[in-house]
Amino acid sequence: MAHQQKESFVENIKEYYKYMAPSLSSLELENFLAFCQHHGLRTPLIEITSALYFAVKDKEGVDDPSVIYI
């Protein structure tokens with residue numbers, strides 16, 4: 001049942017995006033894409049929070065500070 005609900009949700013979001021994206025401001029579009037990505041939809045956004053976590057997670061107690069360049 002939950003899988004079916006997720007598929008329905010995804011289809012509704014895709015349909016909404018198809019009609020609404022051209023009328024959204026750039027800020028609204030960014031927020032919409034972040035919302036979609038949070039709910040597991042594929043977006044052109046790059047999710048870096050997990051990568052940042054794994055880049056520094058084993059550095060605890062190390063004298064040199066971790067630096068990440070973006």
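This report describes the fold, the surface and the side-chain pairs of a predicted protein model.

## Overall architecture

The protein has three helices and zero strands. Read from the N terminus, its elements follow the order α-α-α. Two of these helices carry the side-chain pairs described below: helix α1 covers residues 2-20, and helix α2 covers residues 26-38.

Among contacts in the protein with a separation of 6 or more, 23% join residues that are 24 or more positions apart.

## Surface and burial

The protein consists of 70 residues, of which 11% count as buried. The exposed area amounts to about 6300 Å². Carbon and sulfur atoms supply 57% of that area.

## Aromatic pairs

Two aromatic pairs are present in the structure. One of them is formed by Tyr-16 and Phe-32, whose ring centres are 5.4 Å apart. The planes of these two rings stand at 45° to each other, and the pair is classed as tilted. Tyr-16 belongs to helix α1 and Phe-32 to helix α2, so this pair ties together parts that are 16 residues apart in sequence. The two partners differ in their surroundings: Tyr-16 is partly exposed, at 39% relative accessibility, whereas Phe-32 is buried, with a relative accessible area of 11%.

Phe-32 also pairs with Tyr-17. Here the ring centres lie 5.5 Å apart and the planes meet at 5°, so the pair is stacked. This pair likewise links distant parts of the chain, with Tyr-17 in helix α1 and Phe-32 in helix α2, 15 residues apart. Tyr-17 is partly exposed, its relative accessible area being 34%. Through these ring pairs, Tyr-16, Tyr-17 and Phe-32 are linked into a cluster.

## Salt bridge

Side chains of opposite charge can pair when their charged atoms come close. The structure holds one salt bridge. The side chains of Glu-15 and Lys-18 form this bridge, with a distance of 3.7 Å from N to O. Because the cut-off for a salt bridge is 4 Å, a distance of 3.7 Å qualifies.

Both Glu-15 and Lys-18 lie in helix α1. They are three residues apart, about one turn of the helix. Glu-15 is partly exposed, with a relative accessible area of 36%.

## Summary

Helix α1 contains both partners of the salt bridge, Glu-15 and Lys-18. Helix α1 also holds Tyr-16, which pairs with Phe-32 of helix α2, and Tyr-17, which pairs with that residue of helix α2 as well.

Key. Residues are numbered from 1 along each chain as its sequence is written. This is a predicted model: local features need pLDDT of at least 70, side-chain atom pairs count only at pLDDT 80 or more; totals for chains, interfaces and linings use all residues. Side-chain values use heavy atoms; hydrogens and water are left out. Helices (H or I, at least four residues) and strands (E, at least two) are DSSP runs, numbered from the N terminus. Buried means under 20% relative accessible area, exposed over 50%, partly exposed in between (1.4 Å probe, protein chains only). Contact means heavy atoms within 4.5 Å. Accessible areas come from the Shrake-Rupley method with a 1.4 Å probe; for residues, only the protein chains shown count as cover. Rings of Phe, Tyr and Trp (its six-membered ring) pair if their centres lie within 6.5 Å; planes under 30 degrees apart count as stacked, over 60 as edge-to-face and the rest as tilted.
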